[in-house]
Amino acid sequence: QLIAAWPVLSQTTTSPLLKELCNQCIAANSIHLERLQKIPAMLSRQQTTISCSAVTVIIATTNNFSSVANADDAVTITALKLLHYFIASYQGLLMMANVLQLPGVTMLLNETLSELNDTVNKLSHITLAGASNNHR
């Protein structure tokens, strides 16, 4: 679901910097998905897919924000919500992997968690730069 969200956000934004970040997220999410797909094999389990209604709701709220904010603000708010939701999910998985003493799984989750945190930082810099430019 997260992978599907970024192209929508990329098409919605008018900011070249936000569009570039969304496109970087599209590429990064493919890598994140590959990592996640390795975990069931590491645990000798079959892969299962679970849909998350929270992600669907977060994405749907983009349209609600569009009526009270410009498109770039709506994209920024939605992107931050998605990123923080997934960071929290990865932190929960990481905690379980640590408790179960699964170093290979821990390593994969840490890589993705680090990349998600980096993306939040980039988005914050873009947002702050945009706010500074709007008040000049």
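Asparagine 29 has a relative accessibility of 5%, so this residue counts as buried, the cut-off being under 20%. In this predicted model, asparagine 29 belongs to helix α2. Its C-alpha atom lies 9.8 Å from that of glutamate 115, although 86 residues separate asparagine 29 and glutamate 115 in sequence. Positions that are distant along the chain can thus be compared by their separation in space, and several further examples follow below.

Before those examples, the overall plan helps. The protein has five helices and zero strands. Read along the sequence, its pattern is α-α-α-α-α. There are 136 residues, and 33% of them count as buried. The area that the protein exposes is about 8,300 Å², with carbon and sulfur atoms supplying 60% of that area. Contacts can also be sorted by sequence separation. Among the contacts in the protein with a separation of 6 or more, 68% are between residues 24 or more positions apart.

Helix α2 is a useful place to continue. Cysteine 25 is also located in helix α2. Is cysteine 25 buried or exposed? Its relative accessible area is 5%, and because buried means under 20%, cysteine 25 is buried. Leaving out residues up to four places away in sequence, cysteine 25 touches Trp6 and Thr119. Cysteine 25 can also be compared with isoleucine 3, which is 22 residues away in sequence. The C-alpha atoms of cysteine 25 and isoleucine 3 are 8.1 Å apart in space.

Helix α1 covers residues 2–12, and serine 10 is found there. Serine 10 has a relative accessible area of 7% and is therefore buried. Which residues does serine 10 touch, not counting those up to four places away in sequence? They are Lys19, Cys22 and Asn23.

Threonine 12 is in helix α1 as well. With a relative accessible area of 27%, threonine 12 is partly exposed. This class applies because 27% falls between the limit of 20% for buried residues and the limit of 50% for exposed ones. Apart from neighbours within four places in sequence, threonine 12 is in contact with Ala71 and Val75. Threonine 12 and alanine 74 are 62 residues apart along the chain, and 8.6 Å separates their C-alpha atoms.

The next topic is a pair of helices. Two packed helices are described by the angle between their axes and the distance between the axes. Helix α2 spans residues 16–42 and helix α4 spans residues 71–99. The axes of α2 and α4 come within 12 Å and cross at roughly 20°. Angles under 35 degrees count as roughly parallel, so α2 and α4 are roughly parallel to each other. Their crossing is left-handed.

Which residues meet where α2 and α4 are in contact? From α2 come Leu18, Cys22, His32 and Leu36. From α4 come Asp72, Val75, Thr76 and Tyr90. By class, this contact of α2 with α4 has five nonpolar, two polar and one charged residues. Two of these names have appeared before: Cys22 is one of the residues touched by serine 10, and Val75 is in contact with threonine 12.

The last stop is glutamine 101, in the loop between α4 and α5, where α5 covers 103–134. Most residues other than glycine have a negative phi. Glutamine 101 is not a glycine, yet its phi is positive, at about 55°. Is glutamine 101 buried or exposed? Its relative accessibility is 67%, and because exposed means over 50%, glutamine 101 counts as exposed.

Key. Residues are numbered from 1 along each chain as its sequence is written. This is a predicted model: local features need pLDDT of at least 70, side-chain atom pairs count only at pLDDT 80 or more; totals for chains, interfaces and linings use all residues. Side-chain values use heavy atoms; hydrogens and water are left out. Axes are lines fitted to C-alpha atoms, for helices over the stretch in contact, and angles run from 0 to 180 degrees between N-to-C directions. Helices (H or I, at least four residues) and strands (E, at least two) are DSSP runs, numbered from the N terminus. Angles under 35 degrees count as roughly parallel, over 145 as roughly antiparallel, 65 to 115 as roughly perpendicular and the rest as oblique. A crossing is left-handed if the near helix is turned anticlockwise from the far one by less than a right angle, and right-handed if clockwise. Contact means heavy atoms within 4.5 Å. Ala, Val, Leu, Ile, Met, Phe, Trp, Tyr, Cys and Pro count as nonpolar, Asp, Glu, Lys and Arg as charged, and the others, Gly among them, as polar. Buried means under 20% relative accessible area, exposed over 50%, partly exposed in between (1.4 Å probe, protein chains only). Accessible areas come from the Shrake-Rupley method with a 1.4 Å probe; for residues, only the protein chains shown count as cover.
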